[in-house]
Amino acid sequence: MRIDVVTIFPEYLAPLDLSLIGKAREDGLLTVTAHDLRDFTHDRHRTVDDTPYGGGAGMVMKPQPWAEALDHVVAQGDGSGGRRPRLVVPGPGGAPFTQSLARELAEEPWLAFACGRYEGIDERVYEYARDDLGLEVSVVSLGDYVLNGGEVAVLAMVEAIARLLPGVIGNAESLVEESHEDGLLEYPIYTKPKVWNGRSVPDVLLSGNHSAIAAWRHEQRLARTASRRPDLLHPAQVTTDGDLEVDL
Ligand code: SAM
């Protein structure tokens, strides 16, 4: 997969050199290129923002540097017959970033991320990307809160997407049982020693009885999801009097 990120803080992306994502880049499973938006300005101060039309607080990112930066990214091509990137714009007003969206984006050969700052990017940049460059544009939110810029969102999204690429996680099976893969949270997990600080590992996990372990884990996943994230449960999993229907 190829990833391009346009930002005024390319150095914010340094963590993508580390750990499994850094290794995936070294192994050629993923390329990540950061582009400095200020390289596409033409004034002495490398200005990327201006005051909002209609008044109001804060500054808005100017359209021209964004258009030139996106032109530059698209013009590089991905070496596969003129394919274009899918443009992901992080924003608190976007569609929620979920595991299923991470899976969808992990299928794309090429993603470009546009990191807003200040009050965000002039609306006409989205239209330009769609209409003039022919890009699919997805505005995506990390959650219902406001960050200072899109870079932290890009770090989170790239990590969630890249770990789904074949070869990035050594044991692909570990992806299957994780929280959010099938709508439930993960069961509680334990490692050695059996007793730590007066607290024991649940007996069933030491029983060697695989079907009992699977049943216990399923029950725990339902109970944990009901207590921490009831919004994730399908109505069919909850009985009419509000109890959990534990289907073992
Ligand atoms: N004025 C914008 C609004 O009210 O929707 C918020 C702008 S925010 C201060 C600056 C930038 O941070 C955004 O353009 C976006 O790139 C990023 N950002 C902030 N919150 C985010 C979130 N929850 N998810 C993804 N990106 C976010």
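**Stop 1: strand S6.** Select residues 110-114, which form S6. This is a predicted model. Five of the five residues of S6 are buried, so the strand is largely enclosed by the rest of the structure. A residue counts as buried when 20 or more other C-beta atoms lie within 10 Å of its own. Show the side chains next. Which way does each residue point from S6? Trp110, Ala112 and Ala114 point one way. Leu111 and Phe113 point the other way. Colour the two sets separately; every one of these residues is buried.

**Stop 2: from S6 to S1.** Add residues 2-7, strand S1. S1 and S6 pair in the parallel sense, over five bridges. Pick out two pairs along this seam. Val6 stands opposite Ala114 in S6. Asp4 has Ala112 as its bridge partner in S6. Is S1 mostly covered or mostly open? S1 is mostly covered, with five of its six residues buried.

**Stop 3: from S1 to S2.** Now look at the pairing of S1 with S2. Select residues 31-36 for S2. The two strands run parallel and are joined by six bridges. Asp4 turns up again here: Thr33 in S2 stands opposite it. Val5 stands opposite Ala34 in S2. Then add residues 19-26, helix H1. S1, H1 and S2 together make a β-α-β unit. What is its handedness? The unit is right-handed.

**Stop 4: from S6 to S5.** Go back to S6 and add residues 86-96, strand S5. S5 and S6 run parallel, joined by three bridges. To find this seam, select Arg86, whose bridge partner in S6 is Leu111.

**Stop 5: the whole sheet.** Add residues 137-141, strand S7. What is the order of the five strands? The order is S2-S1-S6-S5-S7, in an open sheet with parallel pairing. S2 and S7 are the edge strands, and each pairs on one side only. The twist averages 30° from one strand to the next.

**Stop 6: the ligand.** Show the ligand and the 19 residues around it. Which residues come nearest? They are Pro90, Gly116, Leu147, Gly150 and Ala153. Two elements give two or more residues to the shell: strand S5 and helix H5, residues 150-162. S5 gives the largest share, four residues. Colour the shell by class. It has eight nonpolar residues, nine polar residues and two charged residues.

**Stop 7: the two domains.** Zoom out and colour by domain. Domain 1 covers residues 2-162, and domain 2 covers residues 177-237. How far apart do their C-alpha centres lie? The separation is 37 Å.

**Stop 8: Pro202.** Select Pro202, in the loop between strand S9 (199-200) and helix H7 (210-228). Is Pro202 buried or exposed? Pro202 is exposed, with 12 other C-beta atoms within 10 Å. The cut-off for exposed is 12 or fewer, so Pro202 meets it. Now put a distance label from the C-alpha atom of Pro202 to that of Trp216. The label should read 9.8 Å. Along the chain, Pro202 and Trp216 are 14 residues apart.

Notes. Residues are numbered from 1 along each chain as its sequence is written. This is a predicted model: local features need pLDDT of at least 70, side-chain atom pairs count only at pLDDT 80 or more; totals for chains, interfaces and linings use all residues. A residue is near a molecule or strand if its C-beta atom, placed from the backbone, lies within 6 Å of it. Ala, Val, Leu, Ile, Met, Phe, Trp, Tyr, Cys and Pro count as nonpolar, Asp, Glu, Lys and Arg as charged, and the others, Gly among them, as polar. Domain bounds come from an automatic or database domain assignment. Two strands pair if DSSP finds at least two bridges between them. Axes are lines fitted to C-alpha atoms, for helices over the stretch in contact, and angles run from 0 to 180 degrees between N-to-C directions. A crossover is right-handed if, with the strands pointing away from the viewer, the path from the first strand over the helix to the second runs clockwise.
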